[in-house]
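Welcome! Open your viewer, find the selection tool, and follow along one stop at a time.

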Amino acid sequence: MLLAESLKENLVGSQTFTENRKVTKPQDLIRIYDIILQSLGELPLLPGLENDEDIQLEVEAKTLKSKAFRCFYLARSYASIKKWRETSALYEQVLTYISGALELFKKIRTKPTKTDLKELQELLNTVNGLKYSAHASSILDTEAPIAGITNLEISDNRPLIERLEKYQEVESVSSKKPNLVTFPPDFKPTPQKPVFFDIALNHVDFPSLEEMQEQKKAGASIGGFLRGWWGGGKK
């Protein structure tokens with residue numbers, strides 16, 4: 001217990017933190033409370049303590065208290081790497097352990113030490129504040145990537161003629177070889193005369209034009225005769 005208290009004094013964020021001493025990490029305190037919990041688990045097995053109800057309750061209460069502190073520093077370690085969901089879940093577990101420890105301390109006929117109750121109350125106040133802080137941090141970290149995606153502008157590499165409705169400053173337009181149009185232009189399919197038109201042409205019966213040609217020849221010969229006669233008379 002004394003080792004744990006000495007390590008807490010130089011934990012980052014504590015009021016007694018000084019840079020001249022070795023910095024205590026949450027992982028260091030987690031290991032200390034693992035040892036404490038192991039020792040508390042062996043106490044009820046000692047000869048002469050099996051039938052002492054108050055000692056059994058006190059050991060159980062101190063076990064929950066140690067679990068609360070271990071869980072608290074585990075949450076602090078997750079908060080340091082910004083795993084806010086795990087941090088919030090661990091803070092809720094700390095509150096459960098504190099509530100159980102306080103209930104057990106009340107059942108002990110011999111008054112529990114004021115130090116235990118004071119430490120549990122201070123831990124309760126601290127966790128209630130950090131719990132909401134972790135929840136707010138999780139929301140902010142979730143909204144930050146969404147805001148970044150919203151403000152992200154995707155570069156449009158199309159030629160200028162294909163994006164006249166959108167203003168965008170790009171080097172491809174202001175360079176020596178601006179990307180204004182697609183050159184050479186892409187091939188585009190053009191409509192062709194359907195094949196069945198050529199096939200249908202073979203089955204069309206056109207009217208005979210021989211009579212019209214003979215009439216045209218006859219009219220041409222009479223007209224030539226008259227022009228020749230009139231022309232000869234003039235001479």
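**Stop one: a threonine in helix α3**

Select Thr-63 to begin: with a relative accessible area of 17%, Thr-63 is buried, because anything under 20% counts as buried. Keep in mind as you look around that this is a predicted model. Thr-63 is part of helix α3. Now add Val-59 to your selection: its backbone oxygen sits 2.7 Å from a polar atom of the Thr-63 side chain. Which residues does Thr-63 touch, not counting those up to four places away in sequence? Show Leu-37 and Leu-40, and you have them both.

**Stop two: the whole chain**

Zoom out and switch to a cartoon view. You will find 8 helices and 0 strands, so reading along the sequence gives the pattern α-α-α-α-α-α-α-α. Colour the chain by burial next: of its 235 residues, 24% are buried. If you turn on the surface, about 18400 Å² of the chain is exposed, with carbon and sulfur atoms supplying 59% of that area. Contacts are worth a thought here too. Among those in the chain with a separation of 6 or more, 53% join residues 24 or more positions apart.

**Stop three: a pair of helices**

Select residues 53–80, helix α3, together with residues 84–107, helix α4. How do their axes cross? They come within 8 Å and cross at roughly 165 degrees. That angle is over 145, so α3 is roughly antiparallel to α4. Turn the view until one helix lies in front of the other: the crossing of α3 and α4 is left-handed.

**Stop four: a glutamate in helix α5**

Move on to residues 114–150, which form helix α5, and pick out Glu-119 there. Is Glu-119 buried or exposed? Glu-119 is buried, as its relative accessible area is 17%. Now show the side chain of Lys-65: it makes a polar contact with the side chain of Glu-119, at 2.5 Å.

**Stop five: an aspartate in helix α2**

For the last stop, select residues 26–42, helix α2, and centre on Asp-28. Asp-28 has 21% relative accessibility, so it counts as partly exposed. Show Arg-31 as well: the side chains of Asp-28 and Arg-31 make a polar contact at 2.6 Å. Finally, add Tyr-73, which is 45 residues away from Asp-28 along the chain. Try your distance tool on the C-alpha atoms of Asp-28 and Tyr-73, which are separated by 9.1 Å.

Notes
Residues are numbered from 1 along each chain as its sequence is written. This is a predicted model: local features need pLDDT of at least 70, side-chain atom pairs count only at pLDDT 80 or more; totals for chains, interfaces and linings use all residues. Side-chain values use heavy atoms; hydrogens and water are left out. Helices (H or I, at least four residues) and strands (E, at least two) are DSSP runs, numbered from the N terminus. Buried means under 20% relative accessible area, exposed over 50%, partly exposed in between (1.4 Å probe, protein chains only). Contact means heavy atoms within 4.5 Å. Accessible areas come from the Shrake-Rupley method with a 1.4 Å probe; for residues, only the protein chains shown count as cover. A polar contact is a pair of N or O atoms within 3.5 Å; within protein, one must be able to donate a hydrogen and the other to accept it, and residues adjacent in sequence count only if both atoms are side-chain atoms. Axes are lines fitted to C-alpha atoms, for helices over the stretch in contact, and angles run from 0 to 180 degrees between N-to-C directions. Angles under 35 degrees count as roughly parallel, over 145 as roughly antiparallel, 65 to 115 as roughly perpendicular and the rest as oblique. A crossing is left-handed if the near helix is turned anticlockwise from the far one by less than a right angle, and right-handed if clockwise.
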